[in-house]
Amino acid sequence: MHASRLKFKKFVSRIGNKEKQFSDREGSPVVLRSRGIYLLPNLLTTGALFAGFYAIVAGMKGQFEHAAIAIFIAMIMDGLDGRVARLTNTQSAFGAQYDSLSDMVSFGVTPALVTYHWGLSNLGKFGWLVSFIYVAATALRLARFNIQSEVTDKKYFVGLSCTAAAGVVAGMVWVGSEFDISGRHLSPLIAVIILSLAILMVSRLRYYSFKEIDLKSHIPFVAMLFIVLSFSIIAWNPPIVLFLVFLMYSLYGPYFWLKNRFHWGTKR
């Protein structure tokens, strides 16, 4: 009876540890741990994916303000999942791949389709080709980032991030909806903006990544006041403020390149 109880306890312990034991060809025991995924960071990634998909549906229905807001919500979710994974030490290869696929939908396919329905559909074949170029540039940008993430300087992005490019698109659509501006009246300008963002994403221009900001470190009291002021400015007029912020950030890369190329601001 004692031996039976001991075997039962070992069996329960093996199930609790989620382990399966097998033997190799030589008869030696081999323990295989069951694989799982971390809930919290991947839940945030799923939220970003859901927001991106909802933006597509809203754009197809002509609800462009809702679509733009959903893209910004996806950006918040996408910014949180990586931070949470690092803070809680729940980083994984699965999470990295899942995040990349979510970015492709939320910040590649979604902005392209929303912009197409808002202001490019009246351009015919040229309109959807512009949208496709944006999607392809996003895919190339993400693929390059995935293979270079371990060897490049984490202080800078190489090329405009697809998140920032989506911020420009979402801000532009939101401003148009806020002021009742039909994108079809500005189709040539919108096409130029979309193509420019695509070029910036696949370019070699450097953009500050903000990854050096330590959320666990102490900050001066003045910095906290600046953060409160920033939120107040965004709340004053979210469409215009967010559009201008992301537009200026997208222009930072060309400005930084021109500054180094022509030595602006250096004494000779």
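Aromatic pairs and a nonpolar patch

Seven aromatic pairs are found in the structure, which is a predicted model. One of them joins Phe94 and Tyr98: the ring centres are 5.9 Å apart and the planes meet at 35°, so this pair is tilted. The reasoning rests on the angle, because planes under 30 degrees apart would count as stacked and planes over 60 as edge-to-face. Both residues belong to helix 4 (residues 93-120), where a spacing of four residues puts about one helical turn between Phe94 and Tyr98. Phe94 has a relative accessible area of 44% and is partly exposed.

Another pair is made by Tyr207 and Tyr252. Here the ring centres lie 6.3 Å apart with the planes at 55°, so this pair is tilted. Tyr207 sits in strand 4 (residues 206-208) and Tyr252 in helix 9 (residues 238-261); with these positions 45 residues apart, the pair links distant parts of the chain. Is each partner buried or partly exposed? Tyr207 is buried, at 0% relative accessibility, whereas Tyr252, at 25%, is partly exposed. The cut-off that separates them is 20% relative accessible area, under which a residue counts as buried.

Tyr207 and Tyr252 also belong to one aromatic cluster, together with Tyr249 and Phe256.

The surface offers a further feature. Met224, Phe226, Ile227, Val228 and Phe231 make up a nonpolar surface patch of about 520 Å². Among them, Phe226 is located in helix 8 (residues 221-236). Phe226 counts as exposed because its relative accessibility is 56%, and the cut-off for exposed is over 50%.

Conventions
Residues numbered from 1 in each chain as written. Predicted model: local features only at pLDDT ≥ 70, side-chain atom pairs only at ≥ 80, totals over all residues. Heavy atoms only, no water. Phe/Tyr/Trp six-rings, centres within 6.5 Å; stacked < 30°, edge-to-face > 60°. Helix = DSSP H or I, 4+ residues; strand = E, 2+ residues; numbered from the N terminus. Buried < 20%, exposed > 50% of the residue type's maximum accessible area, 1.4 Å probe, protein only. Patch = residues over 30% accessible without salt bridge, like charges linked within 9 Å, V, L, I, M, F, W, Y side chains within 5 Å. Areas by Shrake-Rupley, 256 points an atom, 1.4 Å probe, with all protein chains shown as cover. Salt bridge = Lys/Arg side-chain N within 4 Å of Asp/Glu carboxyl O.
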